[in-house]
Amino acid sequence: MIEGTLDLPFKVTLGDGEDLLYSYLTIKEGGDNEAMTPHRLLEASLSACTLMTMQIVAKHKGYNIGSTTVSVCVESEGSQTIMKRTTSFDSALTDEQKEKMTVIANKCPVHKILISDVQIPTEII
């Protein structure tokens, strides 16, 4: 579980009891732009999970994914949200390995959550 605490206007400290990170709004939005916005954190979660999931499988299969990168951008929001994920694979991977890693990318846990029928019940205490 992650707990967020509002420290200053538009500065949130996020923690899980072990690690801390921060989220701010951009200067344009009234923040000071010292950390990722909540939207960027969502994009970062999908990018990180995709890379870690591919790394786990690649290690098991004996692939070296090397300098593979994953970029994620929320392109549109609304009744249907579009998050574009772009993968740039290390040149050492074959086309077949890239194809397999792309299938694996769609199995990352964050991807599965984002494409599911998410409900967010809110409890007031």
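**Group meeting: a walk through the model**

Hi everyone, let's begin with the cysteines: this structure holds zero disulfides. Please keep in mind that we are looking at a predicted model.

Which cysteine sulfur is nearest to that of Cys49? It belongs to Cys108, at 3.3 Å, and Cys49 is in no disulfide. The same goes the other way round: Cys108 is in no disulfide, and its nearest cysteine sulfur is that of Cys49, 3.3 Å away. A disulfide here needs the two sulfur atoms within 2.5 Å, so a separation of 3.3 Å does not count as one. Is Cys49 buried or exposed? Cys49 is buried, with 13% relative accessible area. Cys108 is buried too, with a relative accessibility of 0%.

Now to the helices. Two packed helices are described by the angle between their axes and by the distance between those axes. In our model, take H1, which covers residues 38-61, and H2, which covers residues 95-105. Their axes come within 9 Å and cross at roughly 125°. Why do we call this pair oblique? Angles over 145 degrees would be roughly antiparallel, and 65 to 115 would be roughly perpendicular; roughly 125° falls in neither range, so H1 and H2 are oblique to each other. The crossing of H1 and H2 is right-handed.

Which residues make that contact? On the H1 side you have Thr50, Thr53, Met54, Val57 and Ala58. H2 brings Met101, Ile104 and Ala105. Sorted by character, the residues of this contact are six nonpolar, two polar and no charged.

Let's stay on H1 for a moment, with Leu46, which lies in that helix. Leu46 is buried, at 4% relative accessibility. What does Leu46 touch, once we leave aside its neighbours within four places in sequence? The list is Val72, Met83, Arg85, Cys108, Val110, His111 and Leu114. You'll recognise Cys108 there, from the cysteine pair we started with. As for Leu114, that residue is 68 residues from Leu46 along the chain, yet the two C-alpha atoms are separated by 8.8 Å.

Next, a strand. Val70 sits in S4, residues 69-76. Val70 is buried, with a relative accessible area of 8%. Not counting residues up to four places away in sequence, Val70 touches Ser47, Thr50, Leu51, Met54, Arg85, Thr86 and Thr87. Two of those names should sound familiar: Thr50 and Met54 also take part in the contact of H1 with H2. Arg85 comes back as well, as one of the residues in contact with Leu46. How far is Val70 from Glu34? They are 36 residues apart in sequence and 23 Å apart in space, C-alpha to C-alpha.

On to the loops, and a bit of backbone geometry. Phe10 is found in the loop between strand S1 (3-8) and strand S2 (11-15). Phe10 has a positive phi of about 70°, although it is not a glycine. Phe10 is partly exposed, at 42% relative accessibility.

Where is the other positive phi I'd like to show you? That one is at Asn33, in the loop between S3 and H1. Asn33 has a phi of about 60°, and again this is not a glycine. Asn33 is partly exposed, with a relative accessible area of 45%.

Glu29 also lies in the loop between strand S3 (20-24) and H1. Glu29 is partly exposed, with a relative accessible area of 45%. Leaving aside neighbours within four places in sequence, which residues does Glu29 contact? Phe10 and Thr37. Phe10 is 19 residues from Glu29 along the chain, and their C-alpha atoms are separated by 8.9 Å.

One last stop, at the start of the chain. Met1 is in the segment before S1. Is Met1 buried or exposed? Met1 is exposed, at 90% relative accessibility. Apart from its neighbours within four places in sequence, Met1 is in contact with Gly15 and Asp16. Met1 and Arg40 are 39 residues apart in sequence, and C-alpha to C-alpha they are 19 Å apart.

That's the tour; thanks for listening!

Terms used. Residues numbered from 1 in each chain as written. Predicted model: local features only at pLDDT ≥ 70, side-chain atom pairs only at ≥ 80, totals over all residues. Heavy atoms only, no water. Buried < 20%, exposed > 50% of the residue type's maximum accessible area, 1.4 Å probe, protein only. Axes fitted to C-alpha atoms, helices over the stretch in contact; angles between N-to-C directions. Helix = DSSP H or I, 4+ residues; strand = E, 2+ residues; numbered from the N terminus. Parallel < 35°, antiparallel > 145°, perpendicular 65-115°, else oblique. Left-handed = near helix turned anticlockwise from the far one by under 90°. Contact = heavy atoms within 4.5 Å. Nonpolar A, V, L, I, M, F, W, Y, C, P; charged D, E, K, R; others polar.
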